[in-house]
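Thanks, everyone. Please pull up the sequence and the structure, and I will walk you through them.

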There are 2 protein chains.
Amino acid sequence: MTSPEQIQLENIAESDYEIFALLKQRYSPRTFKDVRIKKQHLNQLFEAARWSPSSNNIQPWRFIYAEKNSEAYEKIISCLSDFNKEWAVNAPLLMLTAYHEKTNDHQDNFHALHDLGFAVGNMTTQAQYMGIALHQMAGLDWKKIEKIFNIPEDYHISTAIALGYYGGELNKLSPELQKAELQERQRIDQSQFAFMDEWKAIKHDED
Amino acid sequence: MTSPEQIQLENIAESDYEIFALLKQRYSPRTFKDVRIKKQHLNQLFEAARWSPSSNNIQPWRFIYAEKNSEAYEKIISCLSDFNKEWAVNAPLLMLTAYHEKTNDHQDNFHALHDLGFAVGNMTTQAQYMGIALHQMAGLDWKKIEKIFNIPEDYHISTAIALGYYGGELNKLSPELQKAELQERQRIDQSQFAFMDEWKAIKHDED
């Protein structure tokens with residue numbers, strides 16, 4: 001069996017330029033160590049999100065979290081896509097992310113979703129520092145979540161996140177997902193997304 | 001005069017829980033060292049963005065960057081709000097951020113803006129590691145930008161970013177902005193945005 005350490009090492013990004021270790025080592029596993037997230041660690045994760053920048057310092061990010069074996073955890077599971085349901089149950093903690101759609105003077109805050117993403121990025125870096133992995137999920141029924149969690153009108157659900165310490169056992173996953181877990185990570189080249197002075201027509205556009 | 005080092009130290013977040021140094025030390029200055037960003041450093045910034053996670057690995061983030069004393073730099077300046085114009089000229093490099101609004105099969109990608117924010121977060125952490133500050137700006141004329149930079153229809157502008165090495169001279173700023181630069185950073189408490197098991201009604205909602 002592949003050891004947890006090997007899983008993590010095999011998933012290091014094949015980066016073209018050297019990047020900071022916590023960013024290089026980060027990936028999104030579907031299996032986690034079967035251990036509760038420490039309260040102190042959870043507070044550190046939220047603290048990392050808290051100090052993110054945001055448009056006019058509005059801090060639009062909101063999180064609902066639930067530990068395994070709680071009613072709220074089961075409610076979150078019930079709102080995930082069938083594909084995500086299969087492996088997300090491996091996580092000791094699940095989170096829902098939401099954002100406030102309005103500014104302090106009740107205008108639309110276009111950047112709220114961007115600022116939520118930034119905050120989750122900071123949380124992920126802090127998590128990586130503590131050996132915690134975040135796997136973000138877009139596949140969920142947000143209407144169902146907003147209903148069963150009574151999300152206020154001016155807020156909107158973005159993602160669910162499965163959290164746990166790195167080092168889960170591969171054999172908790174189906175053969176297909178085991179294969180996915182060890183697959184090389186792929187990214188488009190910098191030339192496809194970073195343009196000097198002007199927009200460049202890229203292959204992606206001609207699809 | 002306050003030395004650059006003091007500026008940086010005075011702006012360290014007063015965090016309630018210990019967080020990773022690069023997240024704690026980050027802030028958004030309005031003055032930068034008067035030095036070009038090294039090409040290698042710029043590539044490392046984009047590489048950090050490149051390895052961010054995104055919904056279905058679509059990687060919707062796009063960046064246009066321009067160095068001071070270029071036509072493109074002046075074009076970006078011309079699209080900023082008057083308030084941002086005043087100080088953004090201190091930056092040796094300006095960036096525009098954009099995102100692809102569609103999935104690979106031409107559906108709306110709701111999470112694209114979130115994923116751009118995450119990528120900019122990773123870029124900011126990488127920058128902090130190299131002593132580079134990013135100051136993000138929401139105050140801009142995106143319609144003008146999309147027009148003068150010929151942004152394709154399926155892409156949308158999100159923010160502009162001023163980039164430079166930390167350690168700019170305070171006296172490049174107006175007295176008001178000098179004061180802002182040294183102001184204590186403020187954030188809402190964790191109890192206002194991180195909820196266990198269920199949504200909590202918070203003061204912010206009753207405004």
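Chain A has 8 helices and 5 strands. Keep in mind that this is a predicted model. Along the sequence, the pattern of chain A reads α-α-α-β-α-α-β-α-β-α-β-α-β. Now the overall dimensions. The radius of gyration of chain A is 18 Å, and the globule rule gives 17 Å for 207 residues. Those two values are close, so chain A is as compact as a globular protein of that length. The C-alpha trace of chain A spans about 55 × 50 × 35 Å along its principal axes. As for burial, 58% of the 207 residues of chain A count as buried. Then the contacts in chain A with a separation of 6 or more: 75% of them come from residues 24 or more positions apart.

On to the sheet. Which strands form it, and in what order? The order is 5(A)-1(B)-2(B)-4(B)-3(B). That is 5 strands in an open sheet, with mixed pairing. Note the chain letters: strand 5 comes from chain A, and strands 1, 2, 4 and 3 come from chain B. What stands at the edges? Strand 5 of chain A, residues 194–196, and strand 3 of chain B, residues 132–137. Each has a single partner strand, so one side of each is left without a neighbour in the sheet. On average, neighbouring strands here are turned by 25 degrees against each other, direction ignored.

Look at one pairing in detail. Strand 3 of chain B pairs with strand 4 of chain B, residues 155–165. The sense is antiparallel, over 6 bridges. Take H135(B): its bridge partner in strand 4 of chain B is A162(B).

Next, helices against strands. Helix 3 of chain B, residues 39–50, lies across strand 5 of chain A and also across strands 1, 2, 3 and 4 of chain B. This helix runs at about 165 degrees to strand 1 of chain B. Helix 4 of chain B, residues 71–78, lies across strand 1 and strand 2 of chain B. The angle of helix 4 to strand 2 of chain B is about 70 degrees.

Now the aromatics. A pair of rings is described by the distance of the centres and the angle of the planes. How many aromatic pairs does a search of the whole structure find? The count is 17, over all chains. Take F63(A) and F193(B): the ring centres are 6.2 Å apart and the planes stand at 65 degrees, so this pair is edge-to-face. The pair crosses between chains. F63(A) is in strand 1 of chain A, while F193(B) is in the loop between helix 8 and strand 5 of chain B. Buried or exposed? F63(A) is buried, at 0% relative accessibility. F193(B) is buried too, with a relative accessible area of 0%.

A further pair is Y155(A) with W199(B), edge-to-face, 4.8 Å centre to centre and 65 degrees between the planes. This pair also crosses between chains, from strand 4 of chain A to the segment after strand 5 of chain B. Both Y155(A) and W199(B) are buried.

There is a cluster as well. Ring pairs link F20(A), Y129(A), F20(B) and Y129(B).

Last item: charges over rings. In chain A, K75(A) lies over the face of F149(A), 4.7 Å from the ring centre. In chain B, the charged end of K75(B) sits over the ring of F149(B), 4.8 Å from its centre.

Conventions:
Residues numbered from 1 in each chain as written. Chains lettered and ligands numbered in written order. Predicted model: local features only at pLDDT ≥ 70, side-chain atom pairs only at ≥ 80, totals over all residues. Heavy atoms only, no water. Phe/Tyr/Trp six-rings, centres within 6.5 Å; stacked < 30°, edge-to-face > 60°. Helix = DSSP H or I, 4+ residues; strand = E, 2+ residues; numbered from the N terminus. Buried < 20%, exposed > 50% of the residue type's maximum accessible area, 1.4 Å probe, protein only. Lys NZ or Arg CZ within 6 Å of the ring centre and 35° of its normal. Pairing = 2+ DSSP bridges. Axes fitted to C-alpha atoms, helices over the stretch in contact; angles between N-to-C directions. Contact = heavy atoms within 4.5 Å. Rg over C-alpha atoms; globule rule 2.2 N^0.38 Å.
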